[in-house]
Amino acid sequence: MKHRKKSKDIAPYLFCLPFIIAFFVIYLYPFCKTIMMSFQDVRPTGENVFIGMRNFRNLFTDHFTTALRNTLVYTVLNTSVQFMLGMMFALILNRYIPMRNLLRCTIFVPVLTSTIIAGIIFRLLFGSLETSLANQIAMGLGLIEEPVAWLTQGQMTGNIMMVIVACWRSTGVTMIYFLSALQGVPEELKEAARIDGANNIQVFRHITIPSIRPTLIYVLTMSILGGFSVFTESYALWNTATPGDIGLTMTRYLYQMGFNKVNFGMASAIGIILMIIICSINLIQLKCLGLFREED
Amino acid sequence: MRRREKLRIKRKPADYMFAVFMICMACIFLAPLYFLVVGSFRPSSDLISYGLGLRIDISRMSLDNYVIAFAYRSGVYLKWYFSSLSIMLMQTVCGLFFSSLVGYGLGMYKFKGRGLLLIMDLILMMLPFEILILPLYQLVARMRLLDTRFGVVMPLMVAPFMIFFFRQSVIGLPKELADAARIDGCGEFRIYWNIMVPLMRASFGAMGIFCAMGSWNNVLWPLIVLQSNEKLTLPIGLSSLLTPYGNAYDVLMPGAVLAIVPIMIVFFFFQRSFVSGLTIGSIKG
């Protein structure tokens with residue numbers, strides 16, 4: 001009897017042991033080390049010199065502000081486009097339109113390609129040749145006179161390219177999230193509102209949106225988190241180097257600083273700033289959520 | 001069943017307009033894949049001169065690229081494929097095992113420190129992996145796991161989000177089964193392995209897909225850990241074919257097509273698990 005009681009008491013701790021080990025080795029220790037390194041000059045010999053805020057002060061160069069701006073623009077564009085497209089598709093595909101299942105699948109199929117392959121495809125479609133698809137269409141429509149080198153055109157074009165890749169690949173997921181949520185909205189509520197004279201827009205605003213709010217918040221949070229830590233889209237479009245800092249995102253800059261220029265101190269400083277930004281946004285969101293909950 | 005449904009559904013005229021609109025959208029969404037597949041049959045010289053566009057010469061299309069892709073650099077493409085698959089398999093199996101273990105412990109038992117562990121898990125879910133990569137790289141280097149596939153998998157084996165999800169599903173399991181088994185003398189791990197795991201099959205399916213897709217897509221960490229050409233994962237390897245000095249389209253195009261095909265097959269057979277695996281976070285169970 002005593003042995004069995006002991007086994008049950010210890011068991012939960014043994015079950016959780018992998019997490020406890022991982023927490024200290026893979027999360028806490030690297031986290032603290034990153035903070036430490038951001039205040040150090042990390043030398044290859046292993047002797048790190050404490051230099052205070054110098055890394056952070058050296059950080060404010062053109063590269064950094066470009067990376068920050070690109071990341072912000074990308075996040076805002078990506079989140080809004082995916083939100084709108086995903087919601088629009090979900091609303092339409094929630095109705096009983098013909099071939100509904102097939103259409104759902106086709107919007108979802110790009111999700112099955114990995115981001116890099118999506119990037120490679122778009123990199124070729126938006127090539128600088130006259131016969132690349134984008135140039136063919138744009139010249140055919142009379143928008144441009146000569147073929148454009150889309151990927152080296154400018155900062156904004158670069159950001160839009162990343163957004164196109166991300167939206168093509170991920171709108172399917174956003175759509176499915178919203179679709180699942182929309183299917184959970186009780187039909188009776190909508191019917192009751194319509195009987196009371198509400199039109200479709202009013203039903204959407206006052207019944208549908210409040211019902212799917214948890215999903216909306218989740219998708220928004222994940223989009224913003226993903227947006228700020230974007231790396232793969234940039235790597236897919238410009239894998240060897242970012243010409244003139246086109247397509248340079250915060251994480252890409254971190255990677256460049258850490259592994260191309262082997263300056264772990266500066267890279268850690270970038271990481272810290274990235275984390276501060278992401279945590280602030282999370283906190284702001286939590287606060288807004290808290291307010292909303294009290295009002296309800 | 002389908003015929004009965006069609007009779008009951010009253011289609012408004014707007015529905016047909018929406019269908020036409022969505023067909024246009026679907027064509028736009030599928031177009032890049034069309035160009036990829038068509039491009040994989042075009043000779044490399046065509047792609048270099050004309051790029052990926054509407055202008056195709058059907059008479060020059062063939063399966064040559066596919067043969068070239070497999071022979072390229074003595075079969076390095078297959079090695080990339082193997083790399084990606086083995087990393088995906090390792091990560092999924094280890095991830096499922098460890099995360100379900102911890103989720104089970106957190107969900108099945110009441111013990112001191114449970115609340116603290118849960119809070120730790122929630123905090124970790126919010127922490128972006130990107131800020132840990134530098135010290136993790138040093139750690140993996142010190143453990144001599146650099147340029148190994150296991151080095152790629154190791155930090156990703158215990159995933160906070162998967163732990164959270166497994167805990168949610170374990171909470172819904174019948175604890176009386178566990179009590180009954182205990183009275184019969186069953187050990188705690190056996191209860192987990194033989195009784196509870198089979199009950200969680202749907203969760204394992206969904207989380208398995210979630211983990212597999214995450215691993216397949218992951219670029220940053222494998223890029224940091226893997227260095228020798230043979231061990232590169234498929235996305236990174238395919239990317240390396242595009243260089244400022246020349247693009248190996250004849251390997252890249254069929255390579256990309258063949259990278260997509262297995263996932264498409266898995267998707268069509270396991271649609272429901274797929275969708276639930278990818279949307280698992282937003283459904284508050």
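Biologist: Over which residues of chain A does pLDDT stay under 50?
Modeller: That would be residues 292–296 of chain A, and the model has 2 contacts for them beyond four places in sequence. Keep in mind that this is a predicted model. Where pLDDT is low, the predicted coordinates should not be read in detail.

Biologist: Fair enough. Which helix of chain A has the lowest confidence, and which the highest?
Modeller: Helix α13 (residues 264–295) of chain A is lowest, with a mean of 78, while helix α3 (residues 62–94) of chain A is highest, at 92. Chain A as a whole averages a pLDDT of 85, and 95% of its residues score at least 70.

Biologist: And chain B, what does its pLDDT average?
Modeller: Chain B averages 84, with 93% of the residues at 70 or above. Its lowest confidence is in helix α1 (residues 2–8) of chain B, at a mean of 55. At the other end, helix α13 (residues 220–225) of chain B has the highest, at 92.

Biologist: Switching to the fold: how many helices and strands are in chain A?
Modeller: Chain A has 13 helices and 2 strands. Its radius of gyration is 24 Å, well over the 19 Å that the globule rule gives for 296 residues, so chain A is more spread out than a compact globule. The C-alpha trace of chain A spans about 85 × 75 × 40 Å along its principal axes.

Biologist: How many helices and strands does chain B have?
Modeller: There are 16 helices and 2 strands in chain B. Its radius of gyration is 24 Å, where a compact globule of 285 residues would have one near 19 Å. Along the principal axes, the C-alpha trace of chain B spans about 75 × 65 × 35 Å.

Biologist: Now the interface. How many residues does each chain put into the contact?
Modeller: Chain B gives 96 residues and chain A gives 83 residues. Between them the two chains bury about 8400 Å², 79% of it on carbon and sulfur atoms. On the chain B side, B:M22, B:F29 and B:L134 lose the most area to chain A, together 9% of what that side buries.

Biologist: How many salt bridges are there between the two chains?
Modeller: The count between chain B and chain A is 1 salt bridge. The side chains of A:R95 and B:D15 form it, at 2.8 Å from N to O. Over all chains, the count comes to 4 salt bridges. The cross-chain pair runs from A:R95, in the loop between α3 and α4 (100–108) of chain A, to B:D15, in helix α2 of chain B.

Biologist: How many residue pairs are in polar contact across the interface?
Modeller: There are 10 residue pairs in polar contact between chain B and chain A, counting those with both residues at pLDDT 80 or more. Helix α2 (residues 13–40) of chain B supplies the largest share of the side that touches chain A, 17 residues.

Biologist: How does that side of chain B split by class?
Modeller: The side of chain B that touches chain A has 74 nonpolar, 12 polar and 10 charged residues.

Definitions and conventions. Residues are numbered from 1 along each chain as its sequence is written. Chains are lettered from A and ligands numbered from 1 in the order in which they are written. Side-chain values use heavy atoms; hydrogens and water are left out. Contact means heavy atoms within 4.5 Å. Buried area is the accessible area (1.4 Å probe) that two parts lose on being put together, summed over both. A polar contact is a pair of N or O atoms within 3.5 Å; within protein, one must be able to donate a hydrogen and the other to accept it, and residues adjacent in sequence count only if both atoms are side-chain atoms. Helices (H or I, at least four residues) and strands (E, at least two) are DSSP runs, numbered from the N terminus. Ala, Val, Leu, Ile, Met, Phe, Trp, Tyr, Cys and Pro count as nonpolar, Asp, Glu, Lys and Arg as charged, and the others, Gly among them, as polar. pLDDT is the predictor's confidence in each residue, from 0 to 100. The radius of gyration is taken over C-alpha atoms; the globule rule is 2.2 Å times the number of residues to the power 0.38.
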